[in-house]
Amino acid sequence: LKTAYRFALADKQPDLSLGNVALSLQGLRCTREGDPEDFLILPSFDIRDGSFDLRRREILLKDIQSRDGTIFVRREADGSVNLLKLTPTAERAADGAGTAPPGDAEAAPPPEVPPLEPSVAKNPWKIALTAAGLKQFTIRAQDQAVPDPLAITADQLDVDLKNFTLG
């Protein structure tokens, strides 16, 4: 990870911006706790020329590239989907599931950060992607909710995205 950053605390509000963000990951494997199978494998993943602005609530990613990745999607016998279990639901959030385990009792508590001004908090984040290329990807899918479990694989997939914006 390489970046230039600027941080200020103006009127008790954090102002953080990152520029020239470059991130390169090699051999990334993501597995959900308790699941024997990786849901994401990225032999290489690169972000070039990104930026982040907390005050403006903007993330700009100019170039993302990845090659030879694998995504695994599975519908369980109970109808749940493995990838949807990665985000907290209201039920799991209420019982504390999916939260980080408690730290060392002697560890210092995290510093208190004042909340953002209401006018800033109302504005949604804007995430923009100028270009992305996913080359030679594989998507593996399993459906265990049907009487005869089904497995499908699509490989050698190339995906190119240009000028994609959320928010």
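Here are legends for four close-up views of this predicted model.

A note before you look: residues are numbered from 1 along each chain as its sequence is written, and side-chain values use heavy atoms, with hydrogens and water left out. Because the model is predicted, local features need pLDDT of at least 70 and side-chain atom pairs count only at pLDDT 80 or more, while totals for chains, interfaces and linings use all residues.

**View 1. The largest nonpolar core.** Eight side chains meet here: L42, F45, I47, L61, I64, L129, A132 and F137. Such a core is a set of buried Ala, Val, Leu, Ile, Met, Phe, Trp, Tyr and Cys residues joined through side-chain atoms within 4.5 Å, where buried means under 20% relative accessible area (1.4 Å probe, protein chains only). At least two of the core residues come from each of β3 (40–53), β4 (58–67) and β6 (126–143); strands are DSSP E runs of at least two residues, numbered from the N terminus.

**View 2. Around L129.** Beyond neighbours within four places in sequence, L129 is in contact (heavy atoms within 4.5 Å) with L61, I64, L161, K162, N163 and F164.

**View 3. Parallel partners of β6.** Strands pair if DSSP finds at least two bridges between them. β4 and β6 pair in the parallel sense over 8 bridges, and E58 has K126 as its bridge partner in β6. β5 (residues 70–75) also pairs with β6 in the parallel sense, over 6 bridges; look for R75 with D143.

**View 4. The β6–β7 hairpin.** β6 runs antiparallel to β7 (residues 150–166), joined by 13 bridges. One to find is A128, whose partner in β7 is T165. Between the two strands of this hairpin lie 6 residues.

Terms used. Buried means under 20% relative accessible area, exposed over 50%, partly exposed in between (1.4 Å probe, protein chains only). Helices (H or I, at least four residues) and strands (E, at least two) are DSSP runs, numbered from the N terminus.
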